[in-house]
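These are my notes from a session with one structure. I wrote down what I looked up, in the order I looked.

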Amino acid sequence: MLSSVKELENCTVSATDGTIGSVQDFYFDDEGWVIRYLVIDTGTWLAHRKVLISPHSIRDAATADRLLSLSVTKQQVEHSPAIDTDKPVSRQHERSYLGYYGYPYYWGGAGLWGGGAFPGMTLGGVVYTNAQPEIDAEQQQRGNLHLRSCNEVASYYLHASDGEIGHVQGFLIDKKSWAIRFLIVNTSNWWMGHRVLIAPEWIRDVSWSQSMVTTDLTRQAVKESPVYDPGTPLHPAAEAAIYKHYGRSAYGEHPAKRKVA
């Protein structure tokens, strides 16, 4: 069953030895559409310093209790590399962060998390750690344009193949892999409609400069798609019905990484 990122916002985050703050935002990468970091406001503990927490560090995400339990200590968090979350996070910053915690790089491999499908995935009883890839020329050129804020993209307009259909309102994620499985789209500013779900693999491109997401679906197809009710859990049967409506293959392997505008 999938969860909305809204369910995790403002959740209390607890290290192994005490509370460190609350969830403020999420960073996802713009190729794999996977949540890579949670942005935590440390409150009065660290003078409201913002820190990044990787899903690798999350031991339990019990949204019913509004609590995320981590496998790291407060001291580890306090001394983690300083990152200005008001500015884009570069690969260089990520290398420093992941190296500090001893986590494998997630880029360069065939899986969502380097060579694995999940954070901390074990292969044959051994935690997978991929080779430490160098940052190539293209990555250097793209620089900081790698991680995206869920809070920011949640206001983007959504265009179908034949015109505007609404705006992005949120995201549904798989808390095991932390993959974004659906974008929640509010169509009410187009035809007094409702909320619908659009999978990342149906997105043709994203213009970050114009705050616009474009899908290859038609407006009519979206208008007639199953209604998404945020108050009702999205069970596998309902998810399958969405894919069937659009004539797409059911979710299996996550779509290959792709470039966006």
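Which residues is Ser-149 in contact with, leaving aside its neighbours within four places in sequence? I found Asp-25, Phe-26, Tyr-27 and Phe-28. I note here that the model is a predicted one.

**Ser-149.** I placed Ser-149 in strand E10, which covers residues 147-149. Ser-149 has a relative accessibility of 13%, under the 20% cut-off, so I entered it as buried. I also looked at its side chain: a polar atom there lies 3.1 Å from the backbone nitrogen of Glu-152.

**Whole chain.** I then took down the totals. The protein chain has 261 residues, and 48% of them count as buried. Its secondary structure comes to 8 helices and 16 strands. I have about 12100 Å² for the accessible surface, with 50% of that belonging to carbon and sulfur atoms. Of the contacts between residues at least 6 apart in sequence, 59% join residues at least 24 apart.

**Core.** I looked up the largest nonpolar core, and it has 72 residues. Ile-35, Leu-38, Leu-68, Phe-171, Trp-178 and Phe-182 have the most contacts inside it. I followed Leu-38 further. Leaving aside neighbours within four places in sequence, Leu-38 touches Leu-68 and Trp-178, both from that list. Its other contacts of this kind are Val-23, Asp-25, Phe-26, Val-51, Leu-52, Ile-53 and Ile-58. Asp-25 and Phe-26 also appear in my entry for Ser-149.

**Strand E2.** Which strands pair with E2, and in what sense? E2 (residues 12-15) runs antiparallel to E3 (residues 18-29), and 4 bridges join the two. The connection between E2 and E3 is a hairpin through 2 residues. E2 also pairs with E7 (residues 67-70), in the parallel sense, over 3 bridges. I checked Thr-12 for both pairings: its bridge partner in E3 is Ser-22, and its bridge partner in E7 is Leu-67.

**Helix H3.** I listed the buried residues of H3 (residues 91-101) as Arg-91, Glu-94, Tyr-97, Leu-98 and Tyr-101. Seen down the helix axis, these buried residues fall within an arc of 120°, so I recorded them as lining one face of H3. The residue that follows H3 is Gly-102, and its phi is positive, near 75°.

**Ile-83.** Is Ile-83 buried or exposed? Its relative accessibility is 14%, so I put it down as buried. Ile-83 sits in the loop between helix H2 (74-78) and H3. Leaving aside neighbours within four places in sequence, Ile-83 is in contact with Lys-50, Leu-52, Val-89, His-93 and Tyr-97. Tyr-97 is one of the buried residues of H3, and Leu-52 is also among the contacts of Leu-38. From Ile-83 to Ser-96, 13 residues apart in sequence, I have 9.9 Å between C-alpha atoms.

**Ser-161.** My last entry is Ser-161, in the loop between strand E11 (157-160) and strand E12 (163-173). At 39% relative accessibility, Ser-161 counts as partly exposed. What does Ser-161 contact beyond its neighbours within four places in sequence? I found Thr-215, Asp-216, Leu-217 and Thr-218. The C-alpha of Ser-161 is separated by 7.4 Å from that of Thr-214, 53 residues apart along the chain.

Notes: Residues are numbered from 1 along each chain as its sequence is written. This is a predicted model: local features need pLDDT of at least 70, side-chain atom pairs count only at pLDDT 80 or more; totals for chains, interfaces and linings use all residues. Side-chain values use heavy atoms; hydrogens and water are left out. Buried means under 20% relative accessible area, exposed over 50%, partly exposed in between (1.4 Å probe, protein chains only). The arc is that of the directions from the helix axis to the C-beta atoms. A nonpolar core is a set of buried Ala, Val, Leu, Ile, Met, Phe, Trp, Tyr and Cys residues joined through side-chain atoms within 4.5 Å. Contact means heavy atoms within 4.5 Å. A polar contact is a pair of N or O atoms within 3.5 Å; within protein, one must be able to donate a hydrogen and the other to accept it, and residues adjacent in sequence count only if both atoms are side-chain atoms. Accessible areas come from the Shrake-Rupley method with a 1.4 Å probe; for residues, only the protein chains shown count as cover. Two strands pair if DSSP finds at least two bridges between them.
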